[in-house]
Amino acid sequence: MKVLGEHHVVSTRNNDFSNRSQKATIRVNRRGFWDLEPWQIAAIAAAVLLIPMAAMMVGNALYALANPTLPAFSKSRRPLLLRCPCCRRLVEDKEKVRRKYKQA
(Lines give C-alpha, C1' and ligand atoms only; values in the text may rest on other atoms or scores of the structure.)
Protein backbone atom coordinates (compact mmCIF):
# COMPACT_ATOMS: atom_id res chain seq x y z
CA MET A 1 0.00 0.00 0.00
CA LYS A 2 1.26 3.42 -0.87
CA VAL A 3 -1.37 5.56 0.84
CA LEU A 4 -0.18 6.65 4.29
CA GLY A 5 -2.43 6.28 7.33
CA GLU A 6 -4.71 3.69 8.91
CA HIS A 7 -6.77 1.44 6.69
CA HIS A 8 -9.62 -0.64 8.12
CA VAL A 9 -10.49 -3.82 6.29
CA VAL A 10 -13.13 -6.50 6.84
CA SER A 11 -13.44 -9.96 5.37
CA THR A 12 -16.83 -11.40 4.53
CA ARG A 13 -15.48 -14.92 4.16
CA ASN A 14 -16.46 -17.23 7.01
CA ASN A 15 -18.54 -14.47 8.53
CA ASP A 16 -21.80 -16.45 8.67
CA PHE A 17 -23.26 -16.05 12.17
CA SER A 18 -19.83 -16.25 13.77
CA ASN A 19 -18.95 -14.72 17.10
CA ARG A 20 -15.46 -13.90 15.80
CA SER A 21 -15.02 -10.72 13.85
CA GLN A 22 -13.05 -10.71 10.61
CA LYS A 23 -11.70 -7.17 10.93
CA ALA A 24 -8.19 -5.77 10.72
CA THR A 25 -6.36 -2.45 10.73
CA ILE A 26 -3.34 -1.81 8.53
CA ARG A 27 -1.07 1.10 9.39
CA VAL A 28 1.11 2.48 6.59
CA ASN A 29 3.95 4.74 7.77
CA ARG A 30 6.63 6.58 5.86
CA ARG A 31 9.92 4.90 6.68
CA GLY A 32 13.05 6.55 5.32
CA PHE A 33 16.72 6.53 6.24
CA TRP A 34 16.39 9.44 8.64
CA ASP A 35 13.50 7.75 10.42
CA LEU A 36 15.94 5.18 11.81
CA GLU A 37 17.10 5.25 15.40
CA PRO A 38 20.42 7.06 16.02
CA TRP A 39 22.19 3.83 16.97
CA GLN A 40 21.06 2.24 13.68
CA ILE A 41 22.46 5.15 11.66
CA ALA A 42 25.73 4.92 13.64
CA ALA A 43 25.95 1.17 12.98
CA ILE A 44 25.42 1.67 9.24
CA ALA A 45 28.05 4.43 9.15
CA ALA A 46 30.53 2.28 11.08
CA ALA A 47 29.96 -0.66 8.74
CA VAL A 48 30.41 1.55 5.68
CA LEU A 49 33.75 2.76 7.05
CA LEU A 50 35.11 -0.36 8.71
CA ILE A 51 34.36 -3.01 6.08
CA PRO A 52 36.45 -1.36 3.32
CA MET A 53 39.24 -0.65 5.82
CA ALA A 54 39.30 -4.29 6.91
CA ALA A 55 39.30 -5.44 3.28
CA MET A 56 42.23 -3.13 2.55
CA MET A 57 44.18 -4.43 5.55
CA VAL A 58 43.63 -8.05 4.53
CA GLY A 59 44.59 -7.22 0.94
CA ASN A 60 47.81 -5.53 2.08
CA ALA A 61 48.70 -8.48 4.29
CA LEU A 62 48.08 -10.99 1.50
CA TYR A 63 50.11 -8.92 -0.95
CA ALA A 64 53.03 -8.71 1.48
CA LEU A 65 52.88 -12.46 2.13
CA ALA A 66 52.78 -13.26 -1.57
CA ASN A 67 55.78 -10.99 -2.26
CA PRO A 68 58.18 -11.20 0.71
CA THR A 69 61.03 -9.73 -1.34
CA LEU A 70 59.28 -6.39 -1.88
CA PRO A 71 59.46 -3.42 0.53
CA ALA A 72 55.86 -4.06 1.58
CA PHE A 73 57.13 -6.97 3.70
CA SER A 74 59.96 -5.08 5.42
CA LYS A 75 59.73 -4.73 9.19
CA SER A 76 59.04 -1.01 9.07
CA ARG A 77 56.22 -1.34 6.48
CA ARG A 78 54.82 -4.70 7.50
CA PRO A 79 50.99 -4.71 7.63
CA LEU A 80 49.40 -4.80 11.08
CA LEU A 81 47.78 -8.18 10.51
CA LEU A 82 51.20 -9.75 10.01
CA ARG A 83 52.44 -8.33 13.32
CA CYS A 84 49.89 -10.40 15.26
CA PRO A 85 51.25 -13.29 17.35
CA CYS A 86 49.03 -15.74 15.47
CA CYS A 87 50.96 -15.04 12.23
CA ARG A 88 54.43 -15.30 13.77
CA ARG A 89 55.35 -18.70 12.29
CA LEU A 90 54.15 -17.74 8.81
CA VAL A 91 56.05 -14.46 8.93
CA GLU A 92 59.23 -16.20 10.10
CA ASP A 93 59.09 -18.53 7.09
CA LYS A 94 58.67 -15.57 4.74
CA GLU A 95 61.54 -13.72 6.47
CA LYS A 96 63.83 -16.64 5.63
CA VAL A 97 62.85 -16.30 1.97
CA ARG A 98 63.53 -12.55 2.17
CA ARG A 99 66.99 -13.11 3.71
CA LYS A 100 67.92 -15.63 1.01
CA TYR A 101 66.84 -13.12 -1.65
CA LYS A 102 68.90 -10.32 -0.09
CA GLN A 103 72.01 -12.54 0.20
CA ALA A 104 71.84 -13.56 -3.45
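User: Hi! I'm new to this one. Is Glu-6 buried or exposed, or something in between?

Analyst: Hi there! Glu-6 counts as partly exposed, at 46% relative accessibility. Keep in mind that this is a predicted model.

User: Thanks. What does Glu-6 pair with?

Analyst: Its partner is Arg-27: the two form a salt bridge, and their closest N and O atoms are 2.9 Å apart. Arg-27 sits in strand S2 (residues 23-28) and Glu-6 in strand S1 (residues 5-10), so this pair ties together parts that are 21 residues apart in sequence.

User: And Arg-27, buried or exposed?

Analyst: Exposed, with a relative accessible area of 59%.

User: While we're at strand S2, where is Ala-24?

Analyst: Ala-24 is found in strand S2 as well. Ala-24 counts as partly exposed, at 37% relative accessibility. The C-alpha atoms of Ala-24 and Val-10 are separated by 6.3 Å, while the two residues are 14 residues apart along the chain.

User: Back to salt bridges. How many are there in the whole structure?

Analyst: A search of the whole structure finds 3. Besides the one between Arg-27 and Glu-6, there is a salt bridge between Glu-95 and Arg-78, at 3.0 Å from N to O. Arg-99 and Glu-95 also meet in one, at 3.7 Å from N to O.

User: Glu-95 came up twice there. Which residues end up joined into one network?

Analyst: Arg-78, Glu-95 and Arg-99 do, through salt bridges that share partners.

User: Where do Glu-95 and Arg-78 sit?

Analyst: Glu-95 lies in helix H2, and Arg-78 in the loop between H1 and H2, so their salt bridge ties together parts that are 17 residues apart in sequence.

User: What separates Arg-99 and Glu-95?

Analyst: About one helical turn, because they are 4 residues apart in helix H2.

User: So which of the network's members are buried and which are exposed?

Analyst: Glu-95 counts as buried, at 15% relative accessibility. Arg-78 counts as buried too, at 11%. Arg-99 is partly exposed, with a relative accessible area of 47%.

User: What else is Arg-78 up to?

Analyst: Arg-78 lies over the face of Phe-73, at 4.5 Å from the ring centre.

User: Good to know, since I'm curious about rings. How many aromatic pairs does the structure hold?

Analyst: The structure holds 0 aromatic pairs.

User: New topic: cysteines. How many disulfides turn up?

Analyst: The search of the whole structure finds 0 disulfides.

User: Why is Cys-84 not bonded to Cys-86?

Analyst: Because their sulfurs are too far apart for a bond. The sulfur of Cys-84 is 4.8 Å from that of Cys-86, which is its closest cysteine sulfur, and a disulfide needs the pair to be within 2.5 Å.

User: How about Cys-87, where is its nearest cysteine sulfur?

Analyst: That is the sulfur of Cys-86, 3.9 Å away, and Cys-87 is in no disulfide.

User: Are those two, Cys-84 and Cys-87, buried or exposed?

Analyst: Cys-84 is partly exposed, with a relative accessible area of 28%. Cys-87 counts as buried, at 19% relative accessibility. The cut-off for buried is under 20%.

User: Let's look at the surface. Which residues make the nonpolar patch?

Analyst: Met-57, Val-58, Leu-62, Leu-80 and Leu-81 make a nonpolar surface patch of about 420 Å².

User: Pick Leu-80 for me. Where is it, and is it buried or exposed?

Analyst: Leu-80 has its place in the loop between helix H1 (38-66) and helix H2 (88-103). Leu-80 is exposed, with a relative accessible area of 55%.

User: What about Ala-72, where is that one?

Analyst: Ala-72 is also placed in the loop between H1 and H2. At 24% relative accessibility, Ala-72 counts as partly exposed.

User: How far apart in space are Ala-72 and Asn-29?

Analyst: They are 53 Å apart, C-alpha to C-alpha, and 43 residues apart in sequence.

User: Last one: what can you tell me about Asp-93?

Analyst: Asp-93 is found in helix H2. Asp-93 is partly exposed, with a relative accessible area of 41%. From Asp-93 to Leu-65, the C-alpha atoms are 10.0 Å apart in space, and the residues are 28 apart in sequence.

Terms used. Residues are numbered from 1 along each chain as its sequence is written. This is a predicted model: local features need pLDDT of at least 70, side-chain atom pairs count only at pLDDT 80 or more; totals for chains, interfaces and linings use all residues. Side-chain values use heavy atoms; hydrogens and water are left out. Buried means under 20% relative accessible area, exposed over 50%, partly exposed in between (1.4 Å probe, protein chains only). Patches are made of residues with over 30% relative accessible area and no salt bridge: like charges are joined within 9 Å, nonpolar side chains (Val, Leu, Ile, Met, Phe, Trp, Tyr) within 5 Å. Accessible areas come from the Shrake-Rupley method with a 1.4 Å probe; for residues, only the protein chains shown count as cover. A salt bridge is a side-chain nitrogen of Lys or Arg within 4 Å of a carboxyl oxygen of Asp or Glu. Helices (H or I, at least four residues) and strands (E, at least two) are DSSP runs, numbered from the N terminus. Rings of Phe, Tyr and Trp (its six-membered ring) pair if their centres lie within 6.5 Å; planes under 30 degrees apart count as stacked, over 60 as edge-to-face and the rest as tilted. A charge sits over a ring if NZ of Lys or CZ of Arg is within 6 Å of the ring centre and within 35 degrees of the ring normal.
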